[in-house]
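Subject: Structure for you to look at

Hello,

Here is the structure I promised to pass on. Please open it first, then read my notes below.

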Amino acid sequence: MNFDTIIIGASNAGLSAALTLGRSRRRVLVLDGGAPRNAPAAHAHNFFTRDGTPPAELLRLGREQLQPYDGVEIRTTLAQTARAVPGGFALELTDGTAVTARTLLLATGVLDVLPAIPGFRELWGRGVYHCPYCHGWEVRDQPLVLYGRGAAGFHLAVLLHHWAPGPVLCTDGPAELDAAQLVTLGQLGIRVVETPVTALNSAPTGELTVAFADESRLAVAAVFARVPQQQRTDLAAQLGCAFTDDGIYVQTNGMGLTSVPGVYAAGDLTSPFQQVVAAAAAGMGAAAMLNSTLIFQDYAPAG
Ligand SMILES: Cc1cc2nc3c(=O)[nH]c(=O)nc-3n(C[C@H](O)[C@H](O)[C@H](O)COP(=O)(O)OP(=O)(O)OC[C@H]3O[C@@H](n4cnc5c(N)ncnc54)[C@H](O)[C@@H]3O)c2cc1C
């Protein structure tokens, strides 16, 4: 085997795992597939000691602090295929090379599936957000539109009204809310608009405008949305890893081990609880579990 571990993904979870494994004297290859999920946002918030740091700067620091650990190699390429082989795993990379390792650590994140509303993608992370813990404080007490329907829209609306009272819940079609949910929203001062949304626009002042199919408009400080997610790669499926009941996230034992022995996973791809600091903590935990498993396997297999 070329490496003890290949970490696939060099963002918050992957670089944190690399630090732990580098410090554990492991031969590690980190595959850097590009931008982190929060790349569109100017600042990452809610990270102890790093609140407000640009996402790219967090990763620059993460890479810089790997330099003393000569067992860690970072390559800018993607893992294309992954399969089990005797003694470990074999990967084919998009740079045309193939590598092997005793274990794998998946840190490949998730994709947010954005609605095809003009302006939505362009403003994602720059006025259109998904998480109040990341971006709620900056727009507290300001007019907000919440985009979502059904149980997800209801949950988003009740949550966000704590940061900014009187938001408007835009369901972009039938609200799919039951009578009790509508009563609760009414009591909280949350107006529900079912008219289809046709576009999101931003003004130079930073204000956003939500345009509706009936030609009406709403000017707001920000839009918060609940959008579906999917795995960023099919590597976990290729390896035969089990998924959570909703079929979205890679199942782990809480310490990063997936259902496939030798394959670990950390960060957004394992759970809807998604934060930079949580991904970094999960990467550290999975790396420590992986390392101790290899130590006991090598030196005390009966233990
Ligand atoms: C707009 C936005 C703003 C956010 N703001 C905040 C915030 O302020 N604070 C906060 O705590 N959280 C924030 N988040 C959430 C945060 O971005 C994620 O929780 C965090 O990035 C998860 O880190 P991760 O390492 O698990 O995954 P990611 O950051 O998604 O990284 C996955 C990495 O894997 C790489 N990769 C994927 N496939 C392959 C492959 N086949 N081969 C090699 N590499 C691959 C990707 O290129 C990427 O670099 C925000 C999210 C969004 C969408």
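**What I found**

Start at one strand pair: I7 stands opposite L105 in β6. Keep in mind that this is a predicted model. The pair belongs to β1 (residues 3–8) and β6 (residues 98–106), which run parallel and share five bridges.

Strand β6 has further partners. β17 (residues 263–265) pairs with β6 in the parallel sense, over three bridges. There, L106 has A265 of β17 as its bridge partner. β5 (residues 88–93) also joins β6, by four bridges, but antiparallel. In that pairing, E92 is matched with A98 of β6. β5 and β6 make a hairpin with four residues between them. In its turn, G96 has a positive phi of about 95°.

**Cores**

Which residues have the most contacts inside the largest nonpolar core? They are L105 and L106, in a core of 49 residues. Helix α8 gives the largest share of this core, eight residues. Now look around L105. Leaving aside neighbours within four places in sequence, L105 is in contact with T5, I7, A17, Y264, A266, A286, A287 and L290. Another core lies apart from the largest one. This other core has 30 residues, including L146, A175, I190 and A222. As background, nonpolar side chains in soluble globular proteins tend to be buried together.

**Domains**

The domain assignment splits the protein chain in two. Domain 1 covers 3–112 + 228–299, and domain 2 covers 120–225. Their C-alpha centres lie 33 Å apart. Seven residues of domain 1 are in contact with seven residues of domain 2. On the domain 1 side of this contact, two residues are nonpolar, four are polar and one is charged.

**Strands in the 120–225 domain**

Five strands form an open sheet, in the order β8-β15-β9-β10-β11. The pairing is parallel. Which strands stand at the edges? They are β8 (128–129) and β11 (191–193). Each has a single partner strand, so one side of each is left without a neighbour in the sheet. Within this sheet order, β9 is followed by β10. Three bridges join β9 (residues 144–147) to β10 (residues 168–170). V145 has V168 of β10 as its bridge partner.

There is also an antiparallel pair. β13 (residues 208–212) and β14 (residues 217–220) are joined over four bridges. V210 stands opposite L218 in β14. This hairpin has four residues between the strands, and E215 takes a positive phi near 75°.

**The ligand**

Where does the ligand lie relative to the domains? Domain 1 and domain 2 both give residues to the shell around the ligand, so the ligand lies between them. In total, 38 residues surround the ligand. The closest are G9, S11, G33, G109 and G267. By class, the shell has 18 nonpolar, 16 polar and four charged residues. Two helices, α1 (12–23) and α8 (276–299), each supply at least two residues of the shell. Note α8 here: the helix that supplies shell residues also gives eight residues to the largest core.

Best wishes

Notes: Residues numbered from 1 in each chain as written. Predicted model: local features only at pLDDT ≥ 70, side-chain atom pairs only at ≥ 80, totals over all residues. Near = placed C-beta within 6 Å. Nonpolar A, V, L, I, M, F, W, Y, C, P; charged D, E, K, R; others polar. Domains from an automatic or database assignment. Pairing = 2+ DSSP bridges. Core = buried A, V, L, I, M, F, W, Y, C linked by C-beta atoms within 7 Å. Buried ≥ 20, exposed ≤ 12 C-beta atoms within 10 Å, placed from the backbone. Contact = placed C-beta atoms within 7 Å.
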